[in-house]
Amino acid sequence: MSKDIRSNDKKGMDAKDSRFGILKMYSLLSVIIIVAIVLVFNVFVDKILGDKLVFDFSSTGQNSISKISQEYIDSLPDDTHIRIIGLMERPVNINDTAMEYVVPLLDDYQNKSNGKITVEYLDPAKYPAIINQLDPEGVYDLQSGMFLVTANGKIQTIAQGDCFAFDQNYLQNYGAYVPVANTVESAFTNAIVNLSRGYSHKAYFVTGLQEPSHQQFSNVLSALGIESADLVASDDFTVPDDCELLIINGINVDISTQMSSAIQEYLNNGGKIFVAVNYNNQIPESFDNLNEALHVMNLNIEDYVIQENDPAYMLDQYGFQSNMAIFSDFSDLTSTNVVRSHYTRPVRQFDLPYSYIITTPVIMTSSSATAVKINENLEMTQYDNASLYTAGMYSTFDGTSNPPEAYVFGTTDLSSDEYIGSYGTNDANVMLLRGIIKKLLPTENAVVVPTKPLSNFSVDNQKVTATSVNVMTAVLMVIVPIALIAVGVIVFAKRKNL
Amino acid sequence: MIEIKDLHKSYGDKHAVRGISFKVEKGEVLGFLGPNGAGKSTTMNIISGYLSMTSGSVIINGHDILDEPEEAKKCIGYLPELPPLYLDMTVLEYLTFVCDLKKVPKDQRKVQLAKILSMVKITDVADRLIGNLSKGYKQRVGIAQALVGDPEILILDEPTVGLDPNQILEIRKLISKLAKTKTIIISSHILSEIQAMCDRVVIINHGKVAAIDTITDLSARLTGNSKLLLCFKGAIKDVINSLRTIPGVSSISERVTNESGIHEIEIIVDYSAGGDVRANIFYNMAKNGWPILEFRSLDPTLEEVFLSITSA
Amino acid sequence: MTAVFKREFLSYFRSPVGYVALALFSFLSGFQFINMISKGYISISSEIVSLSSFFIIIVPIITMGLLSEDKRRGTEILFYTTPVNLFDVVFGKFLAAFALFAIMFVNVIIHMIITLCCKGKVDAGVVGATLVFFFVAALYISIGLFASSITDSQIVSAIISFVILLVISLLTTISQFAQSGVASFLGATFCKFDPAKAQSAGEKVAAALRWFNPLDKTQDFRYGIFSVFPLVFCLSFALVFIYLTFRKLDKKRWSQK
């Protein structure tokens, strides 16, 4: 009997409905197929369209490379291989750190370069051999935390300091770096340009004369394909043979007589010089030896400070900060016809009668400016009657095959880190500086990437007072959550007794 | 209306349903009878489309539950063993939700719900939380849920389980009322309940149909071999011997005897012999002067029904 | 679909769960917001991004009961025995959880309005972060929903989805382990004489793992860089999990167990 039941049951089981098998197959297959389709579809979208369907709507454009970089990268031959290496772990949680301006942008370089540029993050702590491998001779002083661009065995390092313009005022007064502009793309694109094309010119900065840093000026030069190096003031000072432009920028101590004669020799051999000093009332230095050298070009820097009296030019109530008009020969170099300047010394044509020396004003005051000497007690002594002062002059020789050229400014507001750092490289002053350098050392297709603003999330301090923050704290963090919980409790209690 | 053919269902090695076939005609009330664990709930779950069968077919109103599940499910209102109630909703919220699930048109919803609420007598608890209702009310809400959408077929799995007698009575009344317009399948493990409500009974045991019969035939079959309980005072042996002589009495067994000489005996009678054996027993006892303290017919237990059915 | 959506969504507010989740979220977002504004700047996008990091806790809490409770209480029988499409059931439940997230986001919208009143910046990055918030939420909810469908215990469901979400958020770290693991394994066995090959295989494995990280893909959105692929990725995988959940429920139709 029991046997019978079992065989009977078996019969029932054997007749298992085939529809379930079909349903099961359908179900499993559909899952597999859909997962496969989604995977393939995603890989497809990633590979084919991933790069193309990216849109940068950020207000600062900080995360994508500009047209200028793009065009340069496109112009590189297909077999170019440039590596951008970050000597660190790939930064995560980059929000509100400096890396938020770097990491996404580098990804964009890689994405838009068609394989010409690769971005890698190699932490020396994890790959100790990497530094030795990249720089076997140890000439570049590679350190963890640095970025470097390398191609054809050459390396250009980029530290975080190169990627930002900092508020120099704040730095001097409080000793803290407050970034005010983003030059990340400029730094990397320049490195790429210079590595792939090589520098076309070389400039030297005279250093060791209590001058402030010249990092931003170097970056400007670098963007123009000009390599820069330091030339330390010393007793056996000579201008190197490969020097195409000598820069004396913001020195606060006069050069020595020995240096003066070296520079005179340099100029007489057709050298080019860029001089910018300002009137610093803490160290009211007179540049006798420098003027001695500039005498070759028939130029002289005065020991006064210009005080502007025309309200249309004045930028502060005393007239020590003012706009300077750009002389018509140079006005096409920049977007506006004035530049800003403060604590400016007059620069004037000196006493040489030779007609082959041609001097041209570059920037100048209104016709109602005066020159003033300020003593240590901040007492002003007026030296001259109201007239037009030049604060920047250009001088060259006419009729010679290899003429010397000199740009001399009584202001550092074109070339100082303080100024460039505060206003960025898109400012009229910096554009004028760039125009001048280009005139001095012409480069084909200089790649100049504009500075980008930093994203600024600051709020109106008038509205965000301590009181309003307290009110918001109370409302957003205390009242609203407690009210929600109270509503929840009430609803729950009410429903519970329904 | 409903056609079930050779239904099998196994859970792994356990065969819960082993080939059940039956038909339910339109307007019929079918009782689904079987002891606990006989496969009643499994079968009902399969018919309602909740579980899949291993083999066999369920055709509802001409729609195969597998091939046209939505069409088939539209015709069914199902009350499972455990009513599918959201305890955090009020009755009205819940029934409105079921209306949405069953796609009751919005304009008919109010009328229909009001009708159901009054029919199941839960109008007064309509705004109460289901979780706070008593078991009887929950069961009624479960029935109301099955009624939503006015399905032609109702499948009620043990609708009266756990209710007090009053509630059972009310629910029986309700089902009789519903039976006028709907085809109903009710499962139970209590014979009398099925007898009270159904036209026809399917008895299953161990996953198989043990009998399909109308209530009258089943009664006949059951009353054909019935038990009586007799409680009396007197000498037990004499009584038994005396009663044995009555035609139609097949056997007698002693059940209880207590000290004061009161005995309870069980008499199995065979009505097929003709005549009412009970009258004869009464006269016999009266004649001998044995006072009858209690005399009633014993409802056959389900097990006995099965025994009688399977052994027949 | 609307029926299930309505029930599930309202059920968040019939019990304290929805209110507590909302209160928690508004407290957290308020904390972020006040923390920034007291320092004088407000970056709504970074607020949104840091709020998304709480998904790993919030999503399991919100999704744990969606299907497991129905299973435990037997109410799932309603979905099988009424002429409702199971996919609609799953999608309705998904939408309910998603809508709760949308309600939570109202906090951030209030913060945006305050920011605008204080002349702060609400830029493209905020739009990007918002997009990421909702797309990642959709993906995570679908994962939580799936976890809820494979068990009848809320706790187990919450743990499963928490673990999956944890793995996703640690995918970058995991990929690094996988890289060194694969590289050293291959280096010791199959590629004994070609360590570079083992290394590159390790890198490929790591890259493949990282490819599945939705957070990695979407991190540029907060800066205002929109790219279509990460959104496609989140959405399509959310649909995959919803479909898997649907199939899991549908399994009852043919399962022999």
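Two strands count as paired if DSSP finds at least two bridges between them. In this predicted model, that rule picks out a small piece of chain A to start with. Strand 7 of chain A, residues 179–182, pairs with strand 22 of chain A in the antiparallel sense, over two bridges. Within that pairing, A181(A) sits opposite P453(A), a residue of strand 22. Both strands belong to an open sheet of three strands in chain A, with the order 6-7-22 and antiparallel pairing. Strand 6 (164–166) and strand 22 (452–453) are the edges of this sheet, and each has a single partner strand, so one side of each goes without a neighbour in the sheet.

Strand pairing also turns up between chains. Strand 1 of chain A, residues 54–56, lines up with strand 1 of chain C in the antiparallel sense, and three bridges join them. Here V54(A) faces S227(C), which lies in strand 1 of chain C.

That brings chain C into the picture. Chain C has 13 helices and one strand. Going along the sequence, twelve helices come before the strand and one helix after it, as the pattern α-α-α-α-α-α-α-α-α-α-α-α-β-α shows. Along the principal axes, the C-alpha atoms of chain C fill a box of roughly 65 × 65 × 30 Å. The domain assignment splits chain C into domain 1, made of 2–165 + 215–252, and domain 2, made of 170–212. Taken over C-alpha atoms, the centres of these two domains of chain C are 34 Å apart.

What does the contact between chain C and chain A look like in numbers of residues? Chain C puts in 54 residues and chain A puts in 59. Together the two chains bury about 5200 Å², and carbon and sulfur atoms give 68% of that area. On the chain C side, Y19(C), Y223(C) and W254(C) lose the most area to chain A, and the three together make up 14% of what that side buries. As for charges meeting across this interface, the rule finds zero salt bridges between chain C and chain A. It does find four residue pairs in polar contact there, both residues of each pair being at pLDDT 80 or more.

Several elements of chain C share the job of touching chain A. Helix 1 (2–14), helix 2 (16–37), helix 7 (86–117), helix 10 (171–188), strand 1 (225–227) and helix 13 (228–250) each supply at least two residues to that side. Helix 2 of chain C gives the largest share, with 11 residues. Sorted by class, the side of chain C that touches chain A holds 30 nonpolar, 16 polar and eight charged residues.

Chain C also meets chain B. In this contact, 27 residues of chain C touch 36 residues of chain B. The area buried between chain C and chain B is about 2700 Å², with 60% of it on carbon and sulfur atoms. How many salt bridges does the rule find across the interface of chain C and chain B? The count there is three. In one salt bridge, the side chains of D88(B) and R7(C) come together at 3.5 Å, N to O. The rule also finds five residue pairs in polar contact across the interface of chain C and chain B, again with both residues at pLDDT 80 or more.

On the side of chain C that touches chain B, the elements giving two or more residues are helix 1, helix 5 (65–73) and helix 6 (77–81) of chain C. Helix 1 of chain C has the largest share of that side, namely six residues. By class, the side of chain C facing chain B divides into nine nonpolar, eight polar and 10 charged residues.

The other two chains have domains of their own. In chain B, the assignment gives domain 1 (2–219) and domain 2 (224–311), and the C-alpha centres of these two lie 39 Å apart. Chain A gets domain 1 (18–53), domain 2 (67–198), domain 3 (201–440) and domain 4 (463–488). Between domain 2 and domain 4 of chain A, the distance from centre to centre over C-alpha atoms is 44 Å.

One last close-up comes from chain B. H63(B) is part of strand 5 of chain B, residues 63–64. Its side chain makes a polar contact with the side chain of E68(B) at 3.4 Å. Leaving aside neighbours within four places in sequence, H63(B) is in contact with V58(B), E68(B), E71(B) and A72(B).

Definitions and conventions. Residues are numbered from 1 along each chain as its sequence is written. Chains are lettered from A and ligands numbered from 1 in the order in which they are written. This is a predicted model: local features need pLDDT of at least 70, side-chain atom pairs count only at pLDDT 80 or more; totals for chains, interfaces and linings use all residues. Side-chain values use heavy atoms; hydrogens and water are left out. Contact means heavy atoms within 4.5 Å. Buried area is the accessible area (1.4 Å probe) that two parts lose on being put together, summed over both. A salt bridge is a side-chain nitrogen of Lys or Arg within 4 Å of a carboxyl oxygen of Asp or Glu. A polar contact is a pair of N or O atoms within 3.5 Å; within protein, one must be able to donate a hydrogen and the other to accept it, and residues adjacent in sequence count only if both atoms are side-chain atoms. Helices (H or I, at least four residues) and strands (E, at least two) are DSSP runs, numbered from the N terminus. Ala, Val, Leu, Ile, Met, Phe, Trp, Tyr, Cys and Pro count as nonpolar, Asp, Glu, Lys and Arg as charged, and the others, Gly among them, as polar. Domain bounds come from an automatic or database domain assignment.
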